[in-house]
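Here are a few short exercises to help you find your way around a new structure. Try each one yourself before you read the solution.

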Amino acid sequence: MSDLTTAVTAALTADRDRLAAYLKLQTVSAQNRGIKETVDFLTREFEALGAQVQVWRDVTGSNPFVFATFAAGPHGNADRTLLFYNHYDVQPPEPLDEWQTEPFTLTERAGHYYARGISDDKGELMLRLSAVKALQASGGLPCNLKFVVEGEEEIGSRHIPAMTQQHARDLAADAIVWETGGKDADENFQVTCGAKGILCLELSVTTADKDLHSSLAAYADNAAWRLTQALASLRTADNRVKVAGFYDDIRPLTATERQAVAAMTLNADVIKQHFGFKRPLITTDPVAELVNGTTMTINGLSSGYEGAGVKTVIPKTATAKVDCRLVPGQDPQHQAQLIRDQLSRNGFADVQVTYLLGEAPFRSDLTAPFVQTAVQTAHEVYGDQVRLVPNMAGTGPQAPFFDAVQAPIVAVGSTWAGSGPHAPNENVRVADYQQAALYTAKLLTAFGTEA
């Protein structure tokens, strides 16, 4: 066992109580709970490790940002700086009756850690701080480090663009490590280099001033039917978005990106088991779709009477929440306008489209030296089971970070295919958590010597 491995193991053991204390904080941004306590906690813990800490409260309307910096050690490279992005907020724990453990109590069972935030994203930050402690105990930090931790990721990171613009000089770095990552269903460790964008809309329609008796369906329009027909007009039976121009701006994959996609796998049987799918997959090439495919998803529908028993009415209004996952080349505002225009062409100009949220997609250059360093280091820790992934299927505010810092971004971490972020019984495997801490320490070491 190497000295660094021993130091990481010791740090993780010493830091278990800190991990439990962090997870105990009910930092639910959607409910504005636990924000101050969590900011105070992080400030204390960063300072205990010797960091210089600032709490940024200068972004109007935002939860505070915690910004911490560490100088390179006496033998480290003071000309190299790595920036970590994490978030301190978590999803609400509901439905509570589906949890097998207390959601805000760290529980170790059958080789897993369970708690809300253990995978997304509190656990990842704590293992990174354990890696910092291990390096400090092994001769010092190999480079300068910066951490920026936000408190609104779970509600859309609306204030990240303003923060990155206002603090671009503070955030300056040679590379960025994103909030989380981990292993796929085939146990391949993934080095992920981007994120899809997202467009969130609300579609609504009103067909009368009041709900009507359903006998009047002989002549009165129905808002629920009107809206579902409008939605159906936007998507084909084979799940393609039926909006003129929707795919026109997609940036084609480069040769390197195509090669990375070809090396990726998706274990459909394992995925089906984890999620309990009742229907077949809707594509014959899920890997390609996860990387560079766009989507249009109905997140929720509401109309008319939804209680127990019978109430025979014609609903006067209907609403739907819709999201689209976007890929490099697509702009959320532009895609929203294309959808409005398509509804008009389809005869649904009366359907109101409200723009709720948009985040741009982003993908790092897969040939960047830091990306290659991240992959090479992964092979040292995880062996042959390493995959380079052009971008994740989910979304995060990577584009504004790149705009401000102009540095490659990689996402790595301790999750596995069954981690269940956002769901009850969120978990990571203890062995993966320990392995990710060692990987982080080794990545920092390699980065400090990167030419």
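**Exercise 1.** In this predicted model, find which backbone oxygen lies 3.2 Å from a polar atom of the Arg 18 side chain, then work out whether Arg 18 is buried or exposed.

*Solution.* Start with the oxygen: it belongs to the backbone of Met 126. Next, place the arginine: Arg 18 sits in helix α2, residues 16-24. Now check its accessibility. The cut-off for buried is under 20%, and Arg 18 has 10% relative accessibility, so it counts as buried. Finally, look at what surrounds it: leaving out residues up to four places away in sequence, Arg 18 touches Phe 41, Glu 45, Leu 49, Met 126, Leu 129 and Ser 130.

**Exercise 2.** Work out how the buried residues of helix α8 are arranged around its axis.

*Solution.* First, pick them out: in α8 (residues 255-263), Glu 257, Ala 260 and Val 261 are buried. Then look down the axis of α8: these buried residues fall within an arc of 100°, so they line one face of the helix. Flip to the other side and you'll find Ala 255, Gln 259 and Ala 262 exposed. Last, see what the buried residues pack against: α10 (286-292), β15 (362-363) and β16 (386-389).

**Exercise 3.** Find which helix gives the most to the largest nonpolar core.

*Solution.* Begin with the core itself: it has 69 residues, and Phe 46 and Tyr 439 are among those with the most contacts inside it. Now for the helix: α14 (residues 430-448) gives the most, with 10 residues. Don't stop there, though: a second, separate core of 25 residues includes Val 205, Ala 230, Met 296 and Val 353.

Conventions:
Residues numbered from 1 in each chain as written. Predicted model: local features only at pLDDT ≥ 70, side-chain atom pairs only at ≥ 80, totals over all residues. Heavy atoms only, no water. Helix = DSSP H or I, 4+ residues; strand = E, 2+ residues; numbered from the N terminus. Buried < 20%, exposed > 50% of the residue type's maximum accessible area, 1.4 Å probe, protein only. Polar contact = N/O pair within 3.5 Å; in protein donor to acceptor, adjacent residues only side chain to side chain. Contact = heavy atoms within 4.5 Å. Arc of directions from axis to C-beta. Core = buried A, V, L, I, M, F, W, Y, C linked by side-chain atoms within 4.5 Å.
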